[in-house]
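Hi there,

I am passing on the structure we talked about, so please open it and keep it beside you while you read. My notes follow below.

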Amino acid sequence: MLLALIGDVHGHFDVLDAMLRRARDEHGIEAAVQVGDFGFYEDRLPARPPFHFPVPVYAVCGNHEDHAYLERARREGLPARWAEANLFYQPRASVVRLPGVGIGFIGGALHMNQPQRRHGGNVITPDQADRAAALFAVEQPDLIVSHSCPAGIGIGMQSTPEMAWGVVEHVLLAGYDPGPHHDCGEAQLTRLWTHLARRPRLWCFGHFHQSRQIQVGETHFLCLPRVSPAHLPTLWDSSRGILPG
């Protein structure tokens, strides 16, 4: 199966729609996965979305979403309406099976520029990481989709210098662990990584707004840039891996 891998959208649904239509027409993508900071805000994504994507898009939440609205939307059944527009919201610790590939999802990430919201907010909790590990042990997904990445396992992500004080104020002083400066990410995703019974072939994420990929053991980690009108999404074939281009 040929998938488009989509970075942070931040509510630019028109840009995403154009990218997907071009990728479908030129390459024949069958679906897309999106790594969070999609734009789950009531004024941007009401009950009836302002788009109809050309292929199914499976999206997690990032840190920059209205999580209170997203939770209310789930209670009121709005994701079923979004699905009519080919948007499929994936809650933390969920799995989707598509032809030839299983995909595990876990959204959320720490803020660098504002206070954290632990309960029903942006923060990934230990129980969510443990639920994902238990589910993934059964389902054994080939691909894991998250917003940020595990910290301290050798991926080598670094936050930008302008975020340094925000990390101190909103992460370290708030009692959270961002991992080492040279290999930062989410402690709860490290917890998930540590407890995975079977490691995926590919783990894709966004959050850092940059392109980066590295192999850690048997898993290829891929950081996706935010969507741009000038670029096609990264393409991943479930049989052949990441396609050149």
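Which residues have the most contacts inside the largest nonpolar core? In this predicted model, they are Leu20, Phe38, Phe40, Trp82 and Leu87, and the core has 31 residues. At least two of its residues come from each of β1 (2–6), α1 (13–27), β3 (57–59), α2 (67–75), α3 (78–84) and β4 (87–89). The biggest share is from α1, which gives six residues.

Try clicking on Phe38. Leaving aside residues up to four places away in sequence, Phe38 touches Val9, His10, Gly11, Phe13, Leu16, Leu45, Phe51, Phe53, Ala59, Val60, Glu65 and Leu87. Another core, of 22 residues, lies apart from the largest one; Ala132, Met157, Cys184 and Trp203 are among its members.

Next, have a look at helix α1. The helix is 15 residues long and spans 20 Å from its first C-alpha to its last, close to the 21 Å expected at 1.5 Å a residue. Phe13, Val15, Leu16, Asp17, Met19, Leu20 and Ala23 are its buried residues to look for. Here is a rule to help you read that list: an α-helix has 3.6 residues a turn, so residues three or four places apart point the same way. The cover over the buried residues of α1 includes β1, β2 (31–34) and β3. Just after this helix comes Gly28, with a positive phi of about 80°.

Now for the sheet. What is the order of the strands in the open sheet of six? Going across, you meet β5-β6-β7-β8-β10-β9, and the pairing is mixed. The edges are β5 (94–98) and β9 (212–216), each of which pairs on one side only. From one strand to the next, the twist averages 20°.

At one edge, β9 pairs with β10 (residues 219–223) in the antiparallel sense, over five bridges. You can find Val216 there, standing opposite Thr219 of β10.

Two helices are worth finding around these strands. Helix α4 (residues 126–139) lies across β5, β6 (101–106) and β7 (143–146), and runs at about 30° to β5. Helix α6 (residues 187–195) packs on the sheet and touches β6, β7, β8 (202–205), β9 and β10. The direction of α6 makes about 170° with that of β8.

Happy exploring, and write back with any questions!

Best wishes

Methods:
Residues numbered from 1 in each chain as written. Predicted model: local features only at pLDDT ≥ 70, side-chain atom pairs only at ≥ 80, totals over all residues. Heavy atoms only, no water. Core = buried A, V, L, I, M, F, W, Y, C linked by side-chain atoms within 4.5 Å. Buried < 20%, exposed > 50% of the residue type's maximum accessible area, 1.4 Å probe, protein only. Helix = DSSP H or I, 4+ residues; strand = E, 2+ residues; numbered from the N terminus. Contact = heavy atoms within 4.5 Å. Pairing = 2+ DSSP bridges. Axes fitted to C-alpha atoms, helices over the stretch in contact; angles between N-to-C directions. Expected span 1.5 Å × (residues − 1).
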